[in-house]
Amino acid sequence: MHRGAGSAIRMVGKMAASGAEPQILVQYLVLRKDLSQAPFSWPAGALVAQACHAATAALHLHRDHPHTATYLRELGRMRKVVLEAPDETTLKELAETLQQKHIDHMLWLEQPENIATCIALRPYPKEEVSQYLKKLRLFK
């Protein structure tokens, strides 16, 4: 966990009179693990660039969503979770499932090769998306 992670929690949401807890917004990214291994052997910088491209694109595409606006309000408090998919087939299947479930995301395709490298979701309440991703066995 990176330094200052405890203070990086972004609390948002409406504090209802019923005492509802505020929501933590998280942007989830799913990066292909096999790109770091032979035969691809992409360097760490190239993988980080793919995640950055996907994250930036997802934020831009969903910039008008209230969760995204809240997430971007304080840049120093953003929270991201990076998960891995074993290969391109799994990543593309995940993108299809997310689309079917109406979960806003961006599947980044590296050009000019048109290789699917990373999925980034728009910021979502942690409880909403983490439960869904657990069901897909992307993390425990």
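The following legends describe close-up views of a predicted model of a protein chain.

**Figure 1. Overall fold of the predicted protein chain.** The protein chain contains four helices and six strands, and these elements are arranged along the sequence in the pattern β-β-α-α-β-α-β-β-β-α. Of the 140 residues in the protein chain, 39% are buried. When contacts with a sequence separation of 6 or more are considered, 68% of them in the protein chain are made by residues 24 or more positions apart. A search for aromatic pairs over the whole structure returns zero, although two arginine residues, R32 and R122, do lie over aromatic rings, as the later views show.

**Figure 2. Helix α1 and the elements that surround its buried residues.** Helix α1 runs over residues 44–61 and so comprises 18 residues, and the distance from its first C-alpha to its last is 26 Å, close to the 26 Å expected at 1.5 Å a residue. The buried residues of this helix are L47, Q50, A51, A54, A55, A57, A58 and L59, and they pack against β2 (23–32), α2 (66–73), β3 (80–85), β4 (105–110) and β5 (115–121). A49 also belongs to helix α1, but A49 is partly exposed, because its relative accessible area of 26% falls between the 20% limit for buried and the 50% limit for exposed residues. The C-alpha of A49 is separated by 10.0 Å from that of C118, a residue 69 positions away along the chain.

**Figure 3. Two separate nonpolar cores.** The largest nonpolar core has 17 residues, and the members that touch the most others are Y28, V30, L91, L98, I119, L121 and V129. Two or more residues of this core are supplied by each of β2, β3, α3 (88–100), β5 and α4 (126–135). Another core, made up of 14 residues, lies apart from the largest one and includes L31, W42, A57 and A58. Both A57 and A58 are also among the buried residues of helix α1.

**Figure 4. The surroundings of R122.** R122 is located in the loop between β5 and β6 (124–125). This arginine counts as buried because its relative accessible area is 6%, which is under the 20% limit. Its side chain is joined to that of H67 by a polar contact of 3.1 Å. R122 also lies over the face of Y124, at 3.7 Å from the ring centre. Once neighbours within four places in sequence are set aside, the residues in contact with R122 are V26, Q27, A58, H62, H65, H67, T68 and D104. One of these, A58, is a buried residue of helix α1, and H67 is the partner in the polar contact described above.

**Figure 5. L25 of strand β2 beside P125.** L25 is part of strand β2, and L25 is classed as buried because its relative accessible area is 0%, under the limit of 20%. Although L25 and P125 are 100 residues apart in sequence, their C-alpha atoms are 4.5 Å apart in space.

**Figure 6. The loop between β2 and α1.** This view brings together several local features of the backbone and side chains. The peptide bond that joins A38 and P39 is cis, with omega about 10 degrees, and P39 is found in the loop between β2 and α1. S41 lies in the loop between β2 and α1 as well, and its phi is near 50 degrees, which is a positive value in a residue other than glycine. S41 is partly exposed because its relative accessible area of 45% lies between the limits of 20% and 50%. The charged end of R32 sits over the ring of F40, at 5.4 Å from the centre of that ring.

**Figure 7. Backbone features in the loops on either side of β4.** H102, in the loop between α3 and β4, has a phi near 60 degrees, again a positive value in a residue other than glycine. H102 is exposed because its relative accessible area of 69% is over the 50% limit. In the loop between β4 and β5, where P112 is found, a cis peptide bond joins Q111 and P112, and its omega is about 10 degrees.

Methods: Residues numbered from 1 in each chain as written. Predicted model: local features only at pLDDT ≥ 70, side-chain atom pairs only at ≥ 80, totals over all residues. Heavy atoms only, no water. Buried < 20%, exposed > 50% of the residue type's maximum accessible area, 1.4 Å probe, protein only. Contact = heavy atoms within 4.5 Å. Phe/Tyr/Trp six-rings, centres within 6.5 Å; stacked < 30°, edge-to-face > 60°. Lys NZ or Arg CZ within 6 Å of the ring centre and 35° of its normal. Core = buried A, V, L, I, M, F, W, Y, C linked by side-chain atoms within 4.5 Å. Polar contact = N/O pair within 3.5 Å; in protein donor to acceptor, adjacent residues only side chain to side chain.
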